[in-house]
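Open the structure in your viewer and keep the selection tool at hand. We will go step by step, from a whole chain down to single residues.

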Amino acid sequence: MRDYISVFINGEPRRISGKEAFMTLSDYLRYERGLVGTKVVCSEGDCGACTVIIGNSHKLKNGDFDYVPVNSCISFMHILDGCHIITVEGLKNDEELSEVQDSMVRNHGAQCGFCTPGFVCAMNAGIESSLRDGKEMNEQKMKNSLTGNLCRCTGYKSIIEAGLDIDLKKFEPLSKKYDSKTILKTLTKDISVDAYVKTESNEVFLPTSLKSAVETLKDKDVTLVSGASDLGVLYNKRGLEPESILGLHNIKEMSEIIKSDDSVFIGARVNLHQIEEELRDEFYEFTHMIHIFASPQIKNRATLIGNVANASPIGDSIPFLMVAGASVVLIGPSGEREVEINDFYLGYKKLDMKADEFIKGIKIPLLKSGEKIKLYKTSNRKDMDISIVTFASKYIIENDKLKDISVAVGGVGPVVMRARKTEKELQGQLFDKDVFDKAAATLKSEVTPIDDVRGSANFRRILSKNLLLKFYAEEKLNISRGRN
Amino acid sequence: MSVGKNVPHDSAVTHVSGESVFIDDRPFLKNEMVCGFLGAPVAHGILKSIKIEKALGIPGILGIYTHKDLASNRWGAIVKEQPILVDSLISYEYEPVCVIAAENYKAIEKAKKLIELEIEEIEPILCIQKSIDNEDFLTAEKKIARGNLEEAFNSAPHTLEGVFENGGQEHFYLESHACAAIPLENNQIEIHSSSQHPSETQHVVAQSLGLSYHQVVCVVKRMGGGFGGKESQAAPFASLVGLCARKLKRPARMIINKDDDMKVTGKRHPFKNFWKVAFDNEGKILGYKIKLFSNGGAYTDLSESILERAMLHSDGCYYIPNVEILGRVCKTNIHSNTAFRGFGGPQGNATIESVIEEIAHFLKKDSFKIREMNIYQGDNLHTPYGQLVDHNTLPEIIEKIKVSSDYDRRRKEISEFNKASLTHIKGLAITGTKFGIAFTARFLNQANALVNMHLDGTIQVSTGATEMGQGVNTKIQQIAAGAFGIPVTQVQVMPTSTEKNHNTSPTAASSGSDLNGMATLIACNKIKQRLTSVFNTHFKGNLTPSDEIEVDSSEDLSHIAFEDSVVRDTKNGDSISLKELISIAYLNRVSMGDYAFYKTPGLGFDKAVGQGQAFNYYTNGMAVSEVLIDKFTGETKVLRSDILMDLGRSINPGIDMGQVSGAFVQGMGWVTAENLVYSDKGVLLSHSPTTYKIPSIQDTPREFNIELLENNTNDVCVHRSKAVGEPPFLLGNSVWNAIKDAIYFAKPENASKLKLPATCEEIVTLLDE
């Protein structure tokens with residue numbers, strides 16, 4: 001058994017134990033290591049000032065690190081077991097600025113400087129990943145890689161210009177700058193061994209097999225942590241600090257996507273970025289939605305299963321999973337069982353899951369021939385915002401008639417709901433404006449929203465109605481984001 | 001000559017490498033404590049008692065202090081009425097009640113839960129209308145008027161009236177309020193603050209702690225953004241951290257987290273403006289009456305001056321012959337609203353721009369034509385308060401941007417698009433800014449600078465300007481380097497400190513470079529004059545070893561030039577390196593340091609009658625924006641924005657372009673997605689970026705063109721430059737007017753109801769009604 005968390009920081013090995021294992025990465029960097037270039041602004045992963053770059057030894061690309069940006073303010077040290085962490089201080093070459101940094105200087109990309117280290121890290125990771133994938137960088141891609149970073153000074157114009165002015169010939173990838181081989185040797189060895197770190201008040205267990213995870217859960221009241229994109233926020237904002245933590249990231253099969261003839265299985269530790277990259281052919285509409293779902297930083301940490309288990313009524317993935325007929329695969333002492341996701345949510349944040357069970361993964365049936373998916377997410381700001389209303393539909397149009405239509409709506413009640421009345425009204429009907437007008441009115445009265453900070457109940461009703469009408473208009477005009 | 005060059009920000013290299021030091025990046029001193037505050041749990045009530053005993057028992061808690069521990073508990077930039085810690089009346093939710101010093105942050109959070117407050121709640125007043133109905137105001141009514149309004153309305157072919165409402169705006173500087181205090185010997189205290197106004201911070205700290213001003217030094221290295229939010233409101237935090245440091249005789253820091261910062265600090269003022277306009281068949285404005293009500297929140301803070309600037313910008317870019325502008329600040333039970341880039345200007349300006357859209361719609365004309373017709377031009381160059389719009393560039397700007405933005409063609413295209421599209425609507429609008437430069441409080445238009453030249457020829461400059469990202473230090477660096485003909489790298493602008501520059505004004509009103517740049521130039525010129533004299537005597541020769549060069553300023557030495565680190569007589573070619581000249585000057589006991597004072601001449605606005613020279617000059621600009629709105633969701637994309645700004649002769653075009661784009665996008669945020677949501681108890685619900693949405697990189701205009709107008713006429717400002725910080729903020733409003741334009745296409749009867757911000761909810765609800 002290993003009694004420390006194993007990481008590298010800017011190329012240097014660090015064994016993290018005791019209290020430090022339970023700190024957020026940003027606190028650890030700033031207060032324990034004096035690496036104060038990493039800034040903290042919102043403490044909830046919404047501004048990107050705390051962005052650092054990580055290479056995760058669990059998820060290699062062609063045998064090397066796939067360096068990605070993450071929010072350090074909501075990443076606990078223990079979930080970074082097996083990672084090489086690069087901070088803004090790790091980008092310079094001695095006294096010389098890196099090309100990304102130099103371009104930011106040349107183009108007035110920094111004003112007050114507080115968001116700058118985060119931008120530099122996100123930009124560096126964006127360039128590196130596009131080079132690695134052999135893709136060309138353009139303005140839209142540059143913006144996409146910086147979606148998770150807020151700046152209040154520049155209006156972003158000079159930052160975009162800096163990003164596009166980077167001389168790729170001068171750009172030195174981190175995989176070259178740091179000796180991946182040596183770093184990987186230590187990290188892969190460490191993560192193949194169970195780890196357990198304890199302080200007076202907290203403990204974390206990182207097993208390497210499903211079996212020992214199941215056993216741990218059997219005896220103890222344990223909090224499961226995957227990406228911690230939610231728990232990190234609750235820790236920072238509400239002082240929530242689970243005494244006993246079980247992390248699944250060192251269990252290899254948890255990070256896998258398994259494709260079969262009729263379905264896809266997504267493991268509990270698979271993050272959204274991985275889904276976006278690997279399931280484009282199977283679920284194009286869904287991967288497109290993930291694109292605006294969250295920032296790159298969050299997508300590199302947050303898992304689909306986290307979204308499912310969190311059971312938020314505005315969980316962005318749930319409407320899709322519902323209309324797709326996904327099943328939640330649970331595992332416990334008595335083995336595995338599957339629950340249809342439409343039956344999984346019993347009430348507000350109440351799940352059909354026993355105390356000694358946890359979610360192993362989710363199984364999504366592949367679309368059958370003729371089946372189409374339509375997904376909408378509406379929010380006050382298009383990118384990186386929590387939804388007001390989410391909408392999903394799976395349907396077949398045959399001979400101008402709607403066949404097998406299912407509709408799910410989120411943000412309009414205590415749980416994501418299937419709009420059964422609306423479905424019934426549309427089922428078998430002509431694909432026609434009048435039919436949709438009527439059904440939209442039904443949907444408007446079928447939903448049960450409340451007022452909150454993101455929008456009034458009235459607005460949510462109008463949106464529900466409008467999204468069905470938008471569905472009609474787009475289908476009619478043959479506007480589709482998906483290839484389906 | 002470094003002036004006019006696109007040199008990088010003086011902190012750019014350390015910003016990108018993460019080496020720039022902000023308050024919380026300072027290494028912890030031995031014994032340094034952390035501090036936090038407890039905010040009141042209700043928006044309005046009588047605080048009957050505070051019990052801290054239980055909280056004091058938490059391990060790690062070092063002290064908890066209340067109003068009783070302060071020597072003086074009232075502060076205020078205009079009226080000294082605001083408590084630093086609540087003593088009896090709670091006036092807004094989260095108002096600081098006590099300050100807690102501890103070994104760590106976790107202890108503070110625990111202590112907060114154990115402090116017992118006994119409160120008698122009072123019904124809060126939360127909106128402008130309620131305050132108007134109750135006649136609960138923070139200021140008396142102000143008035144600016146000209147002409148005969150009654151006659152204008154009686155004889156006008158058309159009149160319209162309406163109400164314009166705008167919401168507030170959170171500054172969302174990335175670095176929240178932060179300060180640190182180090183107690184020194186002899187009852188002195190050193191304050192480090194993220195403050196736009198070190199002098200006021202120094203004064204408030206001294207008063208509240210019972211010290212004299214000479215016992216307090218306030219240092220501002222830099223801020224991680226300010227935007228006005230750290231003009232007045234940095235001071236009370238510094239008092240609190242100073243209190244802890246003095247009580248416990250230990251260094252202390254107070255780093256406010258984003259949620260607390262958003263809850264406790266003031267924001268841009270919401271306004272509710274009642275307007276009436278009279279115009280002829282062509283759309284020429286004949287009369288305009290507007291009554292402005294701003295939501296000042298719980299205390300006056302800077303609200304009076306902000307209202308005044310709103311009134312002074314109620315004419316926008318347009319000449320109005322008969323006009324009456326009235327204004328009052330409402331008192332409500334929310335945080336005390338404060339300065340925010342534009343300082344009332346945006347609210348006054350947004351109202352008239354909206355009114356112009358109404359006139360255009362009424363006459364079924366393109367609003368561009370209405371603007372073109374009414375803009376300050378020809379003989380119509382006097383504002384309602386009697387100031388001449390001198391060197392007016394507005395007509396040139398509107399004609400140029402009409403062409404560069406391809407306005408006419410796009411207007412046609414948009415009409416066609418809107419007729420055809422089933423899913424989206426587009427809108428297009430141009431709006432302007434004619435922003436008055438100067439503090440309207442005349443006494444603030446003063447600055448001082450200290451310039452020290454060292455023997456190696458490098459220079460340290462200290463002024464009262466504070467650096468918050470806007471690049472004032474870079475411009476000062478360029479001005480000093482330009483004066484001596486040396487590279488900018490040989491000039492270091494030092495941290496702002498009240499020890500070196502006293503009685504300074506806040507870095508605000510876009511005037512940081514104007515005032516401090518000019519003071520720096522004067523100080524440099526004083527040193528240069530002495531060096532020139534030394535040069536002259538030196539080259540005349542005939543000096544014996546016992547002679548000492550005396551400075552003689554009687555001779556005209558304007559032919560002696562400082563360029564490329566060399567001093568040269570342009571008449572006879574004599575030259576010497578600057579460094580050598582300095583050495584000669586030093587050995588001849590000539591001072592190479594100087595201090596200078598500058599005050600903006602010619603200002604004189606009589607507040608009582610609302611007439612006079614309120615401003616030194618105007619910074620002008622216009623923007624054309626096009627939006628695409630999803631009819632079903634209200635999602636708005638800014639497809640294109642074109643900006644043309646008149647910034648005089650820019651000292652640093654790169655920095656100025658950054659100010660324009662940054663201000664525009666911030667303004668765009670204010671008019672679209674930035675929405676402050678309060679509960680019916682007055683609790684701010686949108687207090688972090690999860691719920692308060694400033695523009696992200698994806699929200700920027702898809703096509704974003706910024707150009708600067710060539711203008712060499714601004715002879716009243718340093719190097720003929722113009723102030724840039726606030727003026728372009730007003731142009732973000734072109735996006736709101738474009739949205740309004742789009743709604744005229746889809747739902748003409750509801751367009752007048754559009755409020756600011758035009759959120760998705762606002763748009764969808766108007767389209768659905």
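The tour below moves through a predicted model, one selection at a time.

**Stop 1: chain B as a whole**

Begin by selecting chain B and colouring by secondary structure: you should find 19 helices and 31 strands. The radius of gyration of this chain is 28 Å, close to the 27 Å that the globule rule gives for 769 residues, so chain B is as compact as a globular protein of that length. Turn the C-alpha trace along its principal axes and it spans about 90 × 75 × 50 Å. Of the 769 residues, 60% count as buried. If you display contacts between residues at least 6 apart in sequence, 80% of them join residues at least 24 apart.

**Stop 2: where chain A touches chain B**

Now bring chain A into view. How many residues of chain A are in contact with chain B? There are 58, and they meet 62 residues of chain B. On the chain A side, select α2 (99-106), α3 (116-132), α5 (157-164) and α18 (457-476), the elements that each give two or more residues to this contact. The largest share, eight residues, comes from α18(A). Colour the chain A side by residue type and you will get 29 nonpolar, 17 polar and 12 charged residues.

**Stop 3: the nonpolar core**

Next, look inside. The largest nonpolar core has 382 residues, and among them B:Ile100 and B:Val241 touch the most other members. Helix α15 of chain B, residues 512-540, gives the most to this core, with 11 residues. In general, nonpolar side chains tend to be buried together in soluble globular proteins.

Centre the view on B:Val241. Beyond residues up to four places away in sequence, B:Val241 touches B:Cys35, B:Cys179, B:Ala180, B:Ala181, B:Ala252, B:Arg253 and B:Met254.

**Stop 4: strand β14 of chain B**

Three of those neighbours lead us on to a strand. Select β14(B), residues 252-255: B:Ala252 and B:Met254 point one way, B:Arg253 and B:Ile255 point the other way, and all are buried. As a rule, side chains in a regular strand alternate between the two faces of the sheet.

Add β1(B), residues 33-39, which runs parallel to β14(B) and is joined to it by two bridges. Here B:Val34 has B:Arg253 as its bridge partner. Then add β11(B), residues 178-183; four bridges join β11(B) to β14(B), and these strands run antiparallel. Look for B:Cys179 opposite B:Met254.

**Stop 5: helix α18 of chain B**

Move to residues 733-746 of chain B. This helix, α18(B), has 14 residues and reaches 20 Å from its first C-alpha to its last, close to the 20 Å expected at 1.5 Å a residue. Is it mostly covered or mostly open? Mostly covered: 12 of its 14 residues are buried, including B:Trp736, B:Ile739 and B:Tyr744. To see what covers the buried residues, show elements of chain B including α10 (345-363), β29 (617-630) and α17 (653-671).

**Stop 6: a loop residue**

Finish at B:Asp280, in the loop between β15 (271-279) and β16 (285-297) of chain B. Why does B:Asp280 count as partly exposed? It has 14 other C-beta atoms within 10 Å, and a buried residue would need 20 or more. Leaving aside neighbours within four places in sequence, B:Asp280 is in contact with B:Ala156, B:Pro157 and B:Leu286. For a last distance, pick the C-alpha atoms of B:Asp280 and B:Gly147: they are separated by 17 Å, and the two residues are 133 apart along the chain.

Terms used: Residues numbered from 1 in each chain as written. Chains lettered and ligands numbered in written order. Predicted model: local features only at pLDDT ≥ 70, side-chain atom pairs only at ≥ 80, totals over all residues. Core = buried A, V, L, I, M, F, W, Y, C linked by C-beta atoms within 7 Å. Contact = placed C-beta atoms within 7 Å. Expected span 1.5 Å × (residues − 1). Rg over C-alpha atoms; globule rule 2.2 N^0.38 Å. Nonpolar A, V, L, I, M, F, W, Y, C, P; charged D, E, K, R; others polar. Pairing = 2+ DSSP bridges.
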